[in-house]
Structure formats: C-alpha cells, structure tokens
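Dear colleague,

I am passing on the structure we spoke about, with the sequence alongside, and my notes on its charged and polar side chains follow below.

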Amino acid sequence: MTLISRCSMTIEETLQIALDAHRGQKDLDGRPALLHPIAVGLMGSNDTEIMTGFLHDVVEDTALTLEDLRGKGVEEDVLAALQLLTHDDGQNYFEYVRGIAESGNITAIHVKTNDLRHNLERGLKTYARAEEQGDTAMMERLARINDKHRKALHLLSCRCGTQSV
C-alpha cells in the first residue's frame, strides 16, 4: 500500500477554517463577520489570494495564531501574507499599511487592497443606513472609518501602483 502525502490545502479547507474561527461574530453592520472574509477571498485573482482573503482576519480577530494555522496545514506563502496582514493594535495603522505596501509581497498587497475596497463599500452602505435612521453617532464613527480606509487605499496605490477607489 502506497501512502500519498498531500501538501497543499484547498480553498474549501481554508474557508472551513474561517467559518469555524468566525462563528458567532458580528460586524459593525450587524451581519455575520464571516461575510467580509468571504467577499475579500472571492475578490482574489488566484488560489493563494483567495485562501489568504478567506483567512485574512482570523489571526487578528479570533483566538487562532499563525502557528495554529500552520498546524492545520495552511501553506507557507499564505502564512507569510497573513503575517503581514495581521495588524498589531500597538502599531500605527498607516505604518502597518505602509509595511504591507513596502513588503513586495504581492498576495498581501492585493488582499489588503481588496480588504480596504470591501470595507469602504460596506462602510458607505452602512453610513447611508445610519443617515436614514438619523443615527449621528454612528454616522460620525463610520465617517472616520471610511476616511481611514480611503487614505489607506491611497497609500497602497501610491506605493504599489494599484488602482485606488
């Protein structure tokens, strides 16, 4: 009997990790948190970007670590991008984005660009709902967040030559 060792994780397996990790979490807009990584993953242009997109918030927003993901079989190129994409709360946000831009890691750059585009898109929709409801506190919060995402997209586009929103 010959044993075949499998070296590569599938897109479906990374999606399952994200599903398990984000189970029960809600986003600012009240929707399941998992919908955002799914959207970011689906924006990927190759398997590595799709898998990284699905997992991009796992280390930052759940109890799983990069070592946990390595133990589950996540590939090293995905892990390298995830390390860059995981924002440490003690780090200035724009320094974090600049670090991604200057890393030369195309997967991390593309996934962060997709992340910011999706965040801005849903932030603008949530802002419009808050405006309809007259929720000025939420409008102010979302205006700050949306502005941060616009600036970060601009920073990535200037440093990397990606198209800004």
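**A histidine and its surroundings**

His56 is placed in the loop between α3 (47–55) and α4. Please keep in mind throughout that this is a predicted model. Is His56 buried or exposed? Its relative accessibility is 3%, and because buried means under 20% relative accessible area, His56 counts as buried. The side chain of His56 is joined to that of Asp115 by a polar contact of 3.2 Å.

Asp115 has a second partner, since it also forms a salt bridge with Lys112, in which the closest N and O atoms are 2.9 Å apart. These two residues lie three positions apart in helix α8, so about one helical turn separates Asp115 from Lys112. Both Asp115 and Lys112 are buried.

**Other salt bridges**

How many salt bridges does the structure hold? There are eight, and besides the one between Asp115 and Lys112 I would point out the following.

Arg122 forms a salt bridge with Asp27, and here the closest N and O atoms are 2.5 Å apart. This pair links distant parts of the chain, 95 residues apart, with Arg122 in helix α8 (residues 106–133) and Asp27 in the loop between α1 (11–22) and α2 (35–42). Asp27 has a relative accessible area of 21% and is therefore partly exposed, although this value should be read with the cut-off in mind, because residues under 20% count as buried.

The side chains of Asp20 and Arg23 also meet in a salt bridge, at 2.8 Å from N to O. With a relative accessibility of 43%, Asp20 counts as partly exposed, whereas Arg23, with a relative accessible area of 54%, is exposed, the cut-off for exposed being over 50%.

Finally, salt bridges link Glu67, Arg70 and Glu76 in a network.

**A charged patch on the surface**

Which residues form the negative surface patch? It is made up of Glu60, Asp61, Asp88 and Asp89. Of these, Asp61 is found in helix α4 (residues 58–61), and its relative accessible area of 38% makes Asp61 partly exposed. Residues enter such a patch only with over 30% relative accessible area and no salt bridge, so Asp61, at 38%, lies over that area cut-off.

With kind regards

Terms used: Residues are numbered from 1 along each chain as its sequence is written. This is a predicted model: local features need pLDDT of at least 70, side-chain atom pairs count only at pLDDT 80 or more; totals for chains, interfaces and linings use all residues. Side-chain values use heavy atoms; hydrogens and water are left out. Patches are made of residues with over 30% relative accessible area and no salt bridge: like charges are joined within 9 Å, nonpolar side chains (Val, Leu, Ile, Met, Phe, Trp, Tyr) within 5 Å. Accessible areas come from the Shrake-Rupley method with a 1.4 Å probe; for residues, only the protein chains shown count as cover. A salt bridge is a side-chain nitrogen of Lys or Arg within 4 Å of a carboxyl oxygen of Asp or Glu. Lys and Arg count as positive and Asp and Glu as negative; His and the chain ends are not counted. The place of a charge is taken as NZ of Lys, CZ of Arg, CG of Asp or CD of Glu. Helices (H or I, at least four residues) and strands (E, at least two) are DSSP runs, numbered from the N terminus. Buried means under 20% relative accessible area, exposed over 50%, partly exposed in between (1.4 Å probe, protein chains only). A polar contact is a pair of N or O atoms within 3.5 Å; within protein, one must be able to donate a hydrogen and the other to accept it, and residues adjacent in sequence count only if both atoms are side-chain atoms.
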